[in-house]
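Welcome to this tour. Open the structure in your viewer, keep the selection tool at hand, and follow the stops below.

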Amino acid sequence: MSDDFDLLETNSQEKTEKVDVNWGKAIDQMKSKLAQEDDPESRQKILNATLDNVVDMAEKDRSTLLDAIKDLTDYQDEVGIMFEGFSALNASEQKVIDDAIKRLERAKVELEDANNKPDTWWNNLWGRKSKISDAEAELKNAQKTRDAADNEAKAMFQQRIETADIQTLLNELSFKSQAAIKRLKDREVEIKEVEESLKTAIVDASNNHTKALQKKKEVEDKLETEYALLKQARQALEEVSDKQSTEYSSALSKVTILEQKVEELEGLKNAYTTLAASKDSFVHKHNLTIKVLTSLRSNLQTHRAKLKSDTDERLKYYDGYVVALKARTDQEFAAILEHLGVKTDEHIGETLAAMHTASARARQEMMDNIPVHEKVMQGVYGSYAEALQEIREKDKSIQKNFAERYGIDMKEIFEDYYAADANAPSGDTAEKPVSATKPASTEDDMLG
């Protein structure tokens, strides 16, 4: 660990690096905590957890996060925290605010340019006053738009997070934590500045207290002198016997003047006494305020240090949680694919088995149909032989007729015609040519 490590320092440029998590150790710790689980229902819920249970638990996490972020957003409004500085706005939400700011700045510049044009008859002729009026109206509208931009962006933000996933909500919570860290740091700086001003105020009040006491002492010394003179003047006044004489008037005037001085000095004494008491009181008040502020600043430092450290760790923790959820989804997807694969295997197996049995049954039917086929073919060949016999008989009659009518011996012509079938069957043996004239079939021919 480096010597300059300090949780109380905030470096906005620090980057959170990914760390390798020892999952084996984490699982061992989880098992240890599970063994120590006092709540039987909670323990049983963990032991009997399924992927569907995890989905329900994750959805509860999302609902809890959503409610928390809504409460935080409402709290921001209550304490006057700027919305856009405390929430992770997306591009469209941020654009609403940025556009409103740009419009307002542009309207201010245009109004300033319009007012800067000299008030001459020529400029007025070309619409100087109307341009000023239009610029003032635009500035007013731009200011309204800017005032409403935060609410519009907030409404868009609220609508977006209503259906946001856990990762988006966790990012929002982390963003708020980072913004809170900066806010706490700024508040510490503000308190520190006030503390320093109060320390100066204590010194000033203490100095004024001392000066007031010194002035009071000076007045008291003068009072002592004036009291002595007043006592002498009053005694001298009593010694004057003629109350109507100028001597008496002079002595009375002297007494009056001394009494006036005494009264003024008494007033100054009371003023300095009150001032000294007041300054002394403020010394204690400022001192007490400094103690309170220092205590608050110390507490803020503690909260900020813990929040900063925990947020850094929490980001890694959230990464693990989100990855776990994604892994759960991948696992479910793999299970679905496995299920579909098994079902597909079953269907293909059924199809192949049906295909095999259908093929075997078709072969069986083919074998069963061979005798029927042979019987049909015998009938065909028999009919063919019978018809051929009739034709030959007819041919004989035609030959005879030709020989008688034309003197032509047709026997040779018909014999040449029938030379291709020298073993032509007679009508008595019509069944025999079937096997003789049927083409020979071999196994090689069928596989060829």
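Is D310 buried, partly exposed or exposed? Select it and look at its surroundings: with a relative accessible area of 22%, D310 is partly exposed. Keep in mind along the way that this is a predicted model.

**Stop 1: a pair within one helix**

Now add K306 to the selection. The side chains of K306 and D310 meet in a salt bridge, at 2.6 Å from N to O. Both residues sit in helix α8 (residues 246–406), and because they are four residues apart, about one helical turn separates them. K306 is exposed, at a relative accessible area of 55%. Side chains of opposite charge can pair when their charged atoms come close.

For another charged group, select K192, E196 and K199, which are linked in a network of salt bridges. The count of salt bridges in the model comes to 16.

**Stop 2: helix α4**

Next, select residues 91–116, which make up helix α4. This helix has 26 residues and reaches 37 Å from its first C-alpha to its last, close to the 38 Å expected at 1.5 Å a residue. Colour its buried residues: E93, V96, I97, A100, L104, A107, L111 and A114. An α-helix has 3.6 residues a turn, so residues three or four places apart point the same way. What covers the buried residues of α4? Show residues 128–162 as well, since the cover includes α6.

**Stop 3: L111 and its neighbours**

Zoom in on L111, found in helix α4. L111 counts as buried because its relative accessibility is 13%, and the cut-off for buried is under 20%. Leaving aside residues up to four places away in sequence, L111 touches I132, A135, E136 and L139. Try a distance label too: the C-alpha atoms of L111 and E138 are separated by 8.7 Å, although the two residues are 27 apart along the chain.

**Stop 4: two salt bridges between α4 and α6**

Select E93 and R160. Their side chains meet in a salt bridge, at 2.8 Å from N to O. E93 lies in helix α4 and R160 in helix α6, so this pair ties together parts that are 67 residues apart in sequence. Which partner is buried? E93 is, with a relative accessible area of 1%, whereas R160 is partly exposed at 25%.

Move on to R103 and E138, whose side chains also meet in a salt bridge, at 2.8 Å from N to O. R103 belongs to helix α4 and E138 to helix α6, so the pair ties together parts 35 residues apart in sequence. R103 counts as partly exposed at 27% relative accessibility, and E138 counts as partly exposed at 24%.

**Stop 5: a nonpolar patch**

Turn on the surface and select W121, W122, L125 and W126. These residues form a nonpolar patch with about 600 Å² of accessible area together. W126 is found in the loop between α5 (121–125) and α6, and W126 is exposed, with a relative accessible area of 59%.

**Last stop: colour by confidence**

Finally, colour the chain by pLDDT. The mean is 75, and 74% of the residues reach 70 or more. Among the elements of the chain, α4 has the highest mean pLDDT (88) and helix α10 (residues 433–437) the lowest (41). Select residues 1–27: the pLDDT there is below 50, and beyond near neighbours in sequence the stretch has 23 contacts in the model. Residues 426–448 also have pLDDT below 50, with 12 contacts beyond near neighbours in sequence. Where pLDDT is low, the predicted coordinates should not be read in detail.

Methods: Residues are numbered from 1 along each chain as its sequence is written. This is a predicted model: local features need pLDDT of at least 70, side-chain atom pairs count only at pLDDT 80 or more; totals for chains, interfaces and linings use all residues. Side-chain values use heavy atoms; hydrogens and water are left out. The expected span of a helix is 1.5 Å times one less than its number of residues. Buried means under 20% relative accessible area, exposed over 50%, partly exposed in between (1.4 Å probe, protein chains only). Contact means heavy atoms within 4.5 Å. Patches are made of residues with over 30% relative accessible area and no salt bridge: like charges are joined within 9 Å, nonpolar side chains (Val, Leu, Ile, Met, Phe, Trp, Tyr) within 5 Å. Accessible areas come from the Shrake-Rupley method with a 1.4 Å probe; for residues, only the protein chains shown count as cover. A salt bridge is a side-chain nitrogen of Lys or Arg within 4 Å of a carboxyl oxygen of Asp or Glu. pLDDT is the predictor's confidence in each residue, from 0 to 100.
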